[in-house]
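Here are some notes on the sheet and the core of the model below. They are set out as numbered points.

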Amino acid sequence: MYDFGIRQPRTGYRIGYRANETNHCPGCGQSHWMIGRMTAECANCGTALPLIAGSATGIGTLRPRGTGTLAAA
């Protein structure tokens, strides 16, 4: 499981897609990306990188609400 950069100060630099920066693919050097929820994929060669400092937001995001118990039907 990827830790999203939580341990970066202890482990050093990790390759990943960083939002709001120019990202070059480590496989082919291009900078065209298809961004998903957890990874970014190079549009040229298909190399996938984890999103750094990303969060799960959007229409398909599931978030628990309420007490967590199901109502009896």
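1. How many bridges join E3 to strand E4, and do the two run parallel or antiparallel? This is a predicted model. Strand E4 covers residues 48-52, is joined to E3 by three bridges, and runs antiparallel to E3. Within this pairing, Glu41 has Ala48 as its bridge partner, and Ala40 stands opposite Leu49.

2. The connection between these strands is a hairpin, with five residues between E3 and E4. Gly46 lies in the turn and has a positive phi of about 90 degrees.

3. On the other side of the pairing list is strand E2, residues 33-35, which is antiparallel to E3 and joined to E3 by three bridges. Ile35 is placed opposite Ala40. E2 and E3 also form a hairpin, here with three residues between them.

4. Taken together, four strands make an open sheet, ordered E1-E4-E3-E2, with mixed pairing. Strand E1 (17-18) and E2 are at the edges; each has a single partner strand, so one side of each has no neighbour in the sheet. As general background, strands of a sheet pair through backbone hydrogen bonds, in either a parallel or an antiparallel way.

5. Which side chains of strand E3 are buried? Along residues 39-42 the side chains alternate: Ala40 and Cys42 point to one face and are buried, whereas Thr39 and Glu41 point to the other face and are not.

6. The largest nonpolar core has seven residues: Tyr17, Cys25, Trp33, Ala40, Cys42, Leu49 and Leu51. E3 and E4 each contribute at least two residues to this core. In soluble globular proteins, nonpolar side chains tend to be buried together.

7. Ala40 deserves its own entry. This residue is found in strand E3. Its relative accessible area is 0%, and buried means under 20%, so Ala40 counts as buried. Leaving aside neighbours within four places in sequence, Ala40 is in contact with Tyr17, Trp33, Met34, Ile35, Thr47, Ala48, Leu49 and Leu51. The C-alpha atoms of Ala40 and Arg18 are separated by 9.4 Å, with the two residues 22 residues apart along the chain.

8. What does Leu49 touch, not counting residues up to four places away in sequence? The contacts of Leu49 are Ile15, Gly16, Tyr17, Pro26, Trp33, Met38, Thr39 and Ala40. Leu49 and Ala40 are both members of the largest nonpolar core, and they stand opposite each other in the pairing with E4.

Methods
Residues are numbered from 1 along each chain as its sequence is written. This is a predicted model: local features need pLDDT of at least 70, side-chain atom pairs count only at pLDDT 80 or more; totals for chains, interfaces and linings use all residues. Side-chain values use heavy atoms; hydrogens and water are left out. Buried means under 20% relative accessible area, exposed over 50%, partly exposed in between (1.4 Å probe, protein chains only). Two strands pair if DSSP finds at least two bridges between them. A nonpolar core is a set of buried Ala, Val, Leu, Ile, Met, Phe, Trp, Tyr and Cys residues joined through side-chain atoms within 4.5 Å. Contact means heavy atoms within 4.5 Å.
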